[in-house]
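Ready for a few exercises on reading a protein model? Have a go at each task yourself before you look at the solution under it.

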Amino acid sequence: MKGNLFIKIVLVVLGCVWAALGVWARNVYVHGHVADADQDEKVIISPYGNDIRIIEPIVMDVVNGEFNGNIESTDTVAMELIFYSQYQSGCWINHIIFTDSDTITINFPNGIDEDEEILGGCYNTRYQEDHTDIEEMEYSNSHANPLSAFYLEKKVKRLIQNWDGTENSKSIPHELITALEFNNDVIPNHPSIIHANQGLKSIIYKKEGTKLPNFSVVDLDGIEHYFYDLIKGKYIFLDLWASWCGPCRRHSVAMIPVYEKFKDQGFQVIAVARESENTKAMEKAMEQDGYPWASYVDLNDAHRVWAEFGVDSQGGFLWLLDSKGEILLVNPTADEVEIFLENHINQEEGN
């Protein structure tokens, strides 16, 4: 009995090591049971952090309370599973699974609004245990594997979302830095570690005085342009928006009277839309909203503009810049831009 137990432990450990190295789990079969599911229910599965509005996810139909399908994965990564009906309502629960087993079974015995039970994979077993943020950081400071990588990516995403430039958000936790350094030494090419590194790097773009890096986008004719080649004015309003993002479009519409007021005094709007498949929805939104400026596009995240600036989980973001690309205001309202321009342009004219 002891010998069999020892063999089982060794096999589990080896499985976790192989999964961590990305040489075991390639084609993962997912099978699920859902109690009291609607007839037209579906599950949506995508790598953790992917924006399914831009990057097409895996979709599985729920038939007679069951769903199944395959996930192709060259690395052991965290995947998000959400239910289509919840996604349509705008309020959903993210269920995390790891692709570290040939077969993963996911049960929802109490329906889609309750916790799941996951069978298959050592990281799935570990993740289902109760754990606090502190325990996750402690784990990530002593382990370098797909689970620690996921914890770090999640922590960085939360840090970015709460980063507002105030005194409460001007420092990166020391334990996060040390854990990321440890994981960088062991698994530097894991997708979650790459995303975490990119996220920390992007935080500087939420600080006034930082110069934005150059980047490329295309116009509606498919011609590529570099951001700094587009700058013609003294003050640049960089508007990252999307046709499917209601708040983005409201911010853009609110900027129209500010643009009309200051366009002859060196104020310029450079808009970049984040779209998928084609620009039809973008062009329709531009016509409906009446933007008086040209808009460029990052189609299917081909230019990774949103990822570069750490806003890939958002529809859009806004900056007011000077002619050298240095940040003057971060995510300002139209009123804040108008007040800034009035003060600075009047001061310039007074001199």
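**Exercise 1. Place D301 in the chain, then decide: is D301 buried or exposed?**

Solution. Keep in mind that you're working with a predicted model.

Step 1: find the spot. D301 sits in a loop, with β13 (295-299) on one side and α11 on the other.

Step 2: check the accessible area. The relative value for D301 is 15%. Buried means under 20%, so D301 counts as buried.

**Exercise 2. Which residues does D301 touch, leaving out those up to four places away in sequence?**

Solution. Step 1: list the contacts. With those sequence neighbours left out, D301 touches I54, I55 and R274.

Step 2: look for a polar contact. The side chains of D301 and R274 are joined by one of 2.8 Å.

**Exercise 3. Zoom out and describe the protein as a whole.**

Solution. Step 1: go through the elements. You should find 12 helices and 15 strands.

Step 2: ask how much is tucked away. Of the 351 residues, 48% are buried.

Step 3: turn to the surface. The accessible surface is about 17,900 Å², and carbon and sulfur atoms hold 50% of that.

Step 4: see how far apart in sequence the contact partners are. Take the contacts between residues at least 6 apart; 66% of these join residues at least 24 apart.

**Exercise 4. What lines the largest pocket, and how many residues of each class are there?**

Solution. First, a word on the idea: rolling a probe the size of a water molecule over the atoms shows where empty space is left.

Step 1: get the volume. The largest pocket holds about 530 Å³ of space.

Step 2: name the residues in the middle. The lining has 17 residues, and N50, E80, W92, N94 and S313 lie nearest the centre.

Step 3: trace the lining back to elements. β2 (42-47), β5 (78-83) and α5 (146-162) each bring at least two residues. The biggest giver is α5, with 3 residues.

Step 4: sort by class. You get 6 nonpolar, 6 polar and 5 charged residues.

**Exercise 5. Which element gives the largest share of the lining of the second largest pocket?**

Solution. Step 1: start with the volume, which for the second largest pocket is about 380 Å³. Its lining has 23 residues, and closest to the centre are G49, K157, H195, A307 and D312.

Step 2: pick out the elements that supply at least two residues each. They are α5, α7 (191-202) and α11 (305-308).

Step 3: choose the top one. That's α5, with 5 residues.

Step 4: sort by class again. The lining of the second largest pocket splits into 7 nonpolar, 9 polar and 7 charged residues.

**Exercise 6. How many cavities of 30 Å³ or more are there, and what lines the largest one?**

Solution. Step 1: count. There is 1 cavity of 30 Å³ or more, and the volume of the largest cavity is about 30 Å³.

Step 2: name the lining. D133, E136, M137, Y151, K154, K155 and R158 surround this space. Two elements, α4 (133-142) and α5, give two or more residues to it.

Step 3: find the main contributor. Here α5 gives the most, with 4 residues.

Step 4: sort by class. The lining of the largest cavity has 5 charged and 2 nonpolar residues, and no polar ones.

Notes: Residues numbered from 1 in each chain as written. Predicted model: local features only at pLDDT ≥ 70, side-chain atom pairs only at ≥ 80, totals over all residues. Heavy atoms only, no water. Buried < 20%, exposed > 50% of the residue type's maximum accessible area, 1.4 Å probe, protein only. Contact = heavy atoms within 4.5 Å. Areas by Shrake-Rupley, 256 points an atom, 1.4 Å probe, with all protein chains shown as cover. 1 Å grid on protein atoms, 1.4 Å probe; cavity = no way out; pocket = protein on both sides within 12 Å on 5 of 7 lines; lining within 4 Å. Points joined across faces, edges and corners; volume = space filled by probe spheres on them. Nonpolar A, V, L, I, M, F, W, Y, C, P; charged D, E, K, R; others polar. Polar contact = N/O pair within 3.5 Å; in protein donor to acceptor, adjacent residues only side chain to side chain.
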